[in-house]
Amino acid sequence: GSVFGQKDSSIVRYSLGIVPSAIINLAPAIQLSHDVRISQKIMLSLQTGYIFSSSNQNNKKTHGWRLRPEFRFTSYTNGKAARDIYLFYNYRYYNATRVAEEWRAGGAYTETIFGSRKNIFKGFGVGIDFYNLFGDNTVLKYSRFGFGIGLGGFSNVYSDDIFRPRGFFV
């Protein structure tokens, strides 16, 4: 993400950033990152996102939100680059309209049925981020990239049994 911040002494106390990688997620979102640096080594972060779509072709009018609190430890910094190791918790909720067609009257006609799918995902993980630091005299303070791995679970609630998947990933 790219971050804009306020400088206080040698520590950026609060920064607000965008998370471009959230757009290419299976549940794409417009996502912001809020960071509060507690000390030179410790930072608390919260990513908040508005989910506006779903990669599942059976989901229509998808909307929801994503929260991701993080505890970050800066393990390396040299003025031009930095590295954070962090723990996070993901929580994602979205609601989608589902549409199904069902044969009626022995195949004489099809009926279009509208319903919904509510999806909740939650889980913990760890990650590592690498920073490019741009210096104190710029509005854009740094950019970061990284990756994480975690363990979580999800649940789906359907308004009608007809919307339940018949295959593994449908």
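A nonpolar surface patch here is built from residues with over 30% relative accessible area and no salt bridge, with nonpolar side chains joined within 5 Å. Keep that in mind for the close-ups below, which all come from a predicted model.

**Figure 1. A nonpolar patch on the surface.** Eleven names are worth finding here: Tyr-14, Leu-16, Ile-18, Leu-32, Val-36, Ile-38, Leu-44, Phe-71, Leu-87, Val-126 and Ile-149 form the patch. Together they offer about 950 Å² of accessible area. Strands S2 (11-18) and S3 (29-37) each supply at least two of the patch residues, and S2 gives the most, with three. Phe-71 comes from strand S5, which spans residues 59-77. Because its relative accessible area is 39%, Phe-71 is classed as partly exposed, and that value is over the 30% a patch member needs. In soluble globular proteins, nonpolar side chains tend to be buried together.

**Figure 2. The whole chain, for orientation.** Step back for a moment before the next close-ups. The chain has zero helices and eight strands, so if you trace the elements from the N terminus you read β-β-β-β-β-β-β-β. Of its 170 residues, 32% count as buried. About 10400 Å² is exposed, and carbon and sulfur atoms supply 62% of that area. Among contacts with a separation of 6 or more, 51% are between residues 24 or more positions apart.

**Figure 3. The largest nonpolar core and the surroundings of Tyr-94.** Seven residues make up this core: Val-19, Ala-22, Ala-27, Ala-29, Ile-51, Tyr-94 and Ala-96. Another core, of five residues, lies apart from it and includes Ala-100, Ile-113, Ile-162 and Phe-163. Back at Tyr-94, and setting aside residues up to four places away in sequence, the residues touched include two fellow core members, Ala-27 and Ile-51. The list of Tyr-94 contacts also takes in Ser-54, Asn-59, Thr-62, His-63, Gly-64, Arg-117, Lys-118 and Asn-119.

**Figure 4. Ser-33, a buried serine in strand S3.** Is Ser-33 buried or exposed? With a relative accessible area of 3%, Ser-33 is buried, and its place is in strand S3. Its side chain is joined to that of Arg-144 by a polar contact of 3.0 Å. Beyond residues up to four places away in sequence, Ser-33 touches Ser-15, Leu-16, Gly-17 and Val-19, along with Ser-45, Leu-46, Gln-47 and Arg-144.

**Figure 5. Gly-152 beside Gly-123.** Gly-152 sits in strand S8, which covers residues 140-158. Look for Gly-123, 29 residues away along the chain: the C-alpha atoms of the two glycines are separated by 3.7 Å. Gly-152 is also in contact with Phe-121 and Lys-122, as well as Gly-123, leaving aside neighbours within four places in sequence. Why is Gly-152 counted as partly exposed? Because its relative accessibility is 45%, which falls between the 20% limit for buried and the 50% limit for exposed.

**Figure 6. Positive phi at Lys-61 and Ala-105.** Two residues other than glycine share this view. Phi of Lys-61 is near 45°, and Lys-61 lies in strand S5. At 69% relative accessibility, Lys-61 counts as exposed. For Ala-105, phi is positive at about 50°. Where does Ala-105 sit? Ala-105 is found in the loop between strand S6 (81-104) and strand S7 (109-133). Ala-105 counts as exposed because its relative accessibility is 59%.

How values were computed: Residues numbered from 1 in each chain as written. Predicted model: local features only at pLDDT ≥ 70, side-chain atom pairs only at ≥ 80, totals over all residues. Heavy atoms only, no water. Patch = residues over 30% accessible without salt bridge, like charges linked within 9 Å, V, L, I, M, F, W, Y side chains within 5 Å. Areas by Shrake-Rupley, 256 points an atom, 1.4 Å probe, with all protein chains shown as cover. Salt bridge = Lys/Arg side-chain N within 4 Å of Asp/Glu carboxyl O. Helix = DSSP H or I, 4+ residues; strand = E, 2+ residues; numbered from the N terminus. Buried < 20%, exposed > 50% of the residue type's maximum accessible area, 1.4 Å probe, protein only. Contact = heavy atoms within 4.5 Å. Core = buried A, V, L, I, M, F, W, Y, C linked by side-chain atoms within 4.5 Å. Polar contact = N/O pair within 3.5 Å; in protein donor to acceptor, adjacent residues only side chain to side chain.
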